[in-house]
Amino acid sequence: MTVDEAWQRIEDWLRANAPGSYAELPPPAATGEIQAAQDATGCAFPAELAASLARHDGSGGFCLPPLHRLHGTRLIAAEYRTYRRAEQERSLGGPTWWDVRWIPLADDGCGNSLFVSRQPGPSFGRIGDHAKDGGASFPDDGASASLGAFLASTARGLHDGLWGEYEPHVDDDGFLEWREPDADIVVTWDMQEMNRRYGFG
C-alpha cells in the first residue's frame with residue numbers, strides 16, 4: 001500500500017465516520033515548504049515522508065494510534081532545532097539523546113515523540129520512539145518499519161475497528177480518539193466482599 005493509498009483509506013473512513021477529525025486534516029504542503037524543512041534538518045526526507053507531506057502538511061487534530069499527531073513542515077524544522085540544541089547542551093561523553101540523522105515526525109502531547117531515522121544500517125527509514133526522559137528506541141512491530149507501514153496500519157485499524165490494543169472511538173461531535181476496548185467499563189466494588197476477603201470491618 002502506498003502512502004497515498006493509505007491516506008485515501010484513512011480519509012474515506014474519517015469522512016464517513018468522524019467528520020470532525022476529517023475537517024481538521026491540513027491541506028498539502030507546498031514543494032517549497034517541504035524543501036525548507038529538508039534544509040532545516042540538513043538531509044533529504046525519505047520518499048514516504050515527502051509523499052505524506054504532499055498529501056497533508058501534518059495530521060492536524062487527527063491522531064494516529066494511539067496518541068500521535070504528525071508534524072507539518074514548520075514543526076518538523078522547529079522540533080529538529082530544539083532537539084539539536086538540547087543534545088548540544090548535554091554533557092559530553094554521555095549516551096546520545098538525539099542524533100542529527102533523526103527527523104522529528106510526531107508527538108503525543110506529553111513530551112514523547114516519534115522520528116524517522118536516516119542512519120545507515122538496519123534502522124534506516126524506521127520509525128523510532130523518543131521518550132522525553134529516556135532517549136530513543138526502535139519498536140519491533142511491523143507498523144514501525146516505515147512511515148508508509150504506520151499509515152497503512154492506521155488505515156487497517158480504522159476499517160477493522162482495532163489497532164493493537166486500541167479501537168477507534170468517535171465522540172458526539174464527530175472527533176476520533178483511540179481507546180482501549182474496556183475504557184468505558186465502570187468498575188463497581190463490592191465493599192462487603194472486599195471487607196470479608198481482606199479482614200476489614
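**Helix packing, a cavity and a pocket**

Reader: At roughly what angle do the axes of helix α3 (residues 31-41) and helix α5 (residues 73-89) cross?
Author: Keep in mind that we're looking at a predicted model. In it, the axes of α3 and α5 come within 8 Å. Their crossing angle is roughly 10 degrees.

Reader: So is α3 roughly parallel or roughly antiparallel to α5?
Author: Take that crossing of roughly 10 degrees. Angles under 35 degrees count as roughly parallel, and those over 145 as roughly antiparallel. The α3 and α5 angle falls under the lower cut-off, so the pair is roughly parallel.

Reader: Which residues in α5 does α3 meet?
Author: On the α3 side, the contact is made by Glu33, Ile34, Ala37, Ala40 and Thr41. By class, the residues of this contact split into six nonpolar, two polar and two charged. The partners in α5 are Thr73, Ile76, Ala77, Tyr80 and Arg81.

Reader: Over to α1 (residues 3-17) and α6 (residues 147-160): is α1 roughly parallel or roughly perpendicular to α6?
Author: The axes of these two helices come within 9 Å and cross at roughly 30 degrees. Roughly perpendicular would take 65 to 115 degrees, while anything under 35 counts as roughly parallel. The α1 and α6 angle is therefore in the class called roughly parallel.

Reader: Does α1 pass α6 in a left-handed or a right-handed crossing?
Author: The angle of roughly 30 degrees between the axes doesn't carry a hand, so the direction of turn has to settle it: anticlockwise by less than a right angle counts as left-handed, clockwise as right-handed. For α1 passing α6, the crossing is left-handed.

Reader: How many residues of the contact of α1 with α6 are charged?
Author: From α1 come Val3, Ala6, Trp7, Arg9, Ile10 and Trp13. From α6 come Gly148, Leu151, Ala152, Thr154, Ala155, Arg156, Leu158 and His159. Nine of the contact residues are nonpolar and three are polar, and the number of charged ones is two.

Reader: What about α4 and α6, roughly parallel or oblique?
Author: Their axes come within 8 Å and cross at roughly 50 degrees. In this contact, Glu48, Leu49 and Ser52 in α4 meet Leu147, Gly148 and Leu151 in α6. The angle isn't under 35 degrees, nor does it fall in 65 to 115 or over 145. That makes α4 and α6 oblique.

Reader: Which helix gives the most to the lining of the largest cavity?
Author: The structure holds one cavity of 30 Å³ or more, and about 50 Å³ of space lies in the largest cavity. Its lining is made by Leu49, Ser52, Leu53, His56, Gly58, Leu70, His71, Leu105 and Leu147. Giving three of the lining residues, the top contributor is helix α4 (residues 47-55).

Reader: How many charged residues does that cavity lining have, by class?
Author: Five residues of the lining are nonpolar, and four are polar. His56 and His71 are in the lining, but His isn't in the charged class, which takes Asp, Glu, Lys and Arg. The charged count is none.

Reader: And the largest pocket: which strand gives the most to its lining?
Author: About 200 Å³ of space lies in this pocket. It has 13 lining residues, with Leu114, Pro139, Asp141, Ser144 and Trp163 nearest its centre. By class, the lining has eight nonpolar, three polar and two charged residues. The biggest contribution, three residues, is from strand β4 (residues 127-131).

Reader: Is the peptide bond from Pro65 to Pro66 cis or trans?
Author: Pro66 is in the loop between α4 and β1. Omega for the Pro65 to Pro66 bond is near -5 degrees. The bond is cis.

Notes:
Residues are numbered from 1 along each chain as its sequence is written. This is a predicted model: local features need pLDDT of at least 70, side-chain atom pairs count only at pLDDT 80 or more; totals for chains, interfaces and linings use all residues. Side-chain values use heavy atoms; hydrogens and water are left out. Axes are lines fitted to C-alpha atoms, for helices over the stretch in contact, and angles run from 0 to 180 degrees between N-to-C directions. Helices (H or I, at least four residues) and strands (E, at least two) are DSSP runs, numbered from the N terminus. Contact means heavy atoms within 4.5 Å. On a 1 Å grid over the protein atoms alone, a cavity is a set of points where a 1.4 Å probe fits but cannot get out, and a pocket is an open set with protein on both sides within 12 Å along at least five of seven lines; lining residues have an atom within 4 Å of a point. Grid points are joined across faces, edges and corners, and a volume is the space filled by probe spheres set on the points.
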